[in-house]
Amino acid sequence: FTSFIVSVYVLLNWYGLGHGVLDVLPVRYRHEIRNLGMDLHKIFGGYLKAQITLSTACGIFTLIVLFLHSMWVGSNPYILVISCVAALSFPIPVVNQVLPPIVAGILGFINSDDGGYALQVALLVYAVNVIIERTIAPKLMSEAVGVSPLFVLFAAFSGAELLGPVGALLGVPLAAMVKSVFVWFHG
């Protein structure tokens with residue numbers, strides 16, 4: 001939550017922060033550094049927009065799947081709560097795989113007092129999350145940060161291996177920013 005607030009602050013105050021940095025630099029480098037900063041801002045902003053889109057999609061798809069499930073199997077008054085938990089936890093690696101199915105299973109059991117029904121609800125929520133994370137997320141992230149889907153997967157897995165859940169969360173934008181800086185230096 002704190003990183004989300006800091007990210008929003010940096011995005012909203014990017015120009016003010018950037019002008020403060022540019023005032024310190026020699027005049028002849030300001031234009032190039034400004035362009036690099038704009039590229040980095042575009043990458044990070046695209047990443048945040050993609051995360052918000054993916055979280056929303058996860059919540060909506062979870063809601064639809066659980067609604068259809070409740071039409072066939074039995075009513076569940078907690079569908080909206082389960083969908084909100086799935087949407088809000090989606091950007092957080094590891095938590096997004098564990099928390100929504102657990103919450104769905106508990107609320108499914110409370111609703112029906114049937115372990116089989118609770119397991120069905122938990123598995124549906126888990127399946128929606130995995131499908132979005134493995135199919136839609138790489139494509140959307142690649143378009144948002146300007147790299148290939150394979151690069152997105154590699155960056156997320158590398159970040160997770162190096163820094164755990166925080167690395168998985170920040171691996172894609174940091175790797176894309178490093179790529180942008182490398183291209184700028186190479187150019």
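This passage describes the confidence, helical setting, surface and selected residue contacts of a predicted model.

The mean pLDDT of the protein is 84, and 93% of its residues reach a value of 70 or more. Confidence varies among the elements, with the lowest mean pLDDT, 69, found in helix α2 (residues 14-24), and the highest, 94, in helix α4 (residues 79-89). Where pLDDT is low, the predicted coordinates should not be read in detail.

A nonpolar patch of about 920 Å² is present on the surface, and its members are Ile60, Phe61, Ile64, Phe67, Leu68, Met71, Trp72, Val73 and Ile136. Helix α3, which spans residues 27-72, provides the largest share of this patch, namely seven residues. One of the patch residues, Ile64, lies in helix α3 and is classed as partly exposed because its relative accessible area is 43%, a value between the limits of 20% and 50%. Val27 is also placed in helix α3, and this residue counts as exposed, since its relative accessibility of 64% is over the 50% cut-off. The C-alpha atom of Val27 is separated by 37 Å from that of Ile52, a residue 25 positions away along the chain.

Helix α6, formed by residues 115-145, contains Asn129. With a relative accessible area of 1%, Asn129 falls under the 20% cut-off and is therefore buried. The side chain of Asn129 reaches the backbone oxygen of Asn96 at a distance of 2.3 Å. When residues up to four places away in sequence are left out of account, Asn129 touches Phe90, Asn96, Gln97 and Pro100, so that Asn96 appears both among the residues touched by Asn129 and as the residue whose backbone oxygen is reached by the Asn129 side chain.

The structure holds one salt bridge, which is formed between Lys139 and Glu143, with the closest N and O atoms 3.3 Å apart. Both residues of this pair lie in helix α6, where a spacing of four residues places them about one turn of the helix apart. The two partners belong to separate accessibility classes: Lys139 is partly exposed, because its relative accessible area of 48% does not pass the 50% limit, whereas Glu143, at 53% relative accessibility, counts as exposed because its value is over that limit.

The loop between α5 (95-112) and α6 contains Asp113, for which phi is near 55 degrees, a positive value in a residue other than glycine. Most residues other than glycine have a negative phi. The relative accessibility of Asp113 is 62%, and this residue therefore counts as exposed, the value being over 50%.

Further along the chain, helix α8 (residues 165-186) includes Leu174. At 46% relative accessibility, Leu174 counts as partly exposed, because this value lies between 20% and 50%. Leu174 and Ser75 are 99 residues apart in sequence, and their C-alpha atoms are 44 Å apart in space.

Key
Residues are numbered from 1 along each chain as its sequence is written. This is a predicted model: local features need pLDDT of at least 70, side-chain atom pairs count only at pLDDT 80 or more; totals for chains, interfaces and linings use all residues. Side-chain values use heavy atoms; hydrogens and water are left out. Helices (H or I, at least four residues) and strands (E, at least two) are DSSP runs, numbered from the N terminus. Buried means under 20% relative accessible area, exposed over 50%, partly exposed in between (1.4 Å probe, protein chains only). A polar contact is a pair of N or O atoms within 3.5 Å; within protein, one must be able to donate a hydrogen and the other to accept it, and residues adjacent in sequence count only if both atoms are side-chain atoms. Contact means heavy atoms within 4.5 Å. Patches are made of residues with over 30% relative accessible area and no salt bridge: like charges are joined within 9 Å, nonpolar side chains (Val, Leu, Ile, Met, Phe, Trp, Tyr) within 5 Å. Accessible areas come from the Shrake-Rupley method with a 1.4 Å probe; for residues, only the protein chains shown count as cover. A salt bridge is a side-chain nitrogen of Lys or Arg within 4 Å of a carboxyl oxygen of Asp or Glu. pLDDT is the predictor's confidence in each residue, from 0 to 100.
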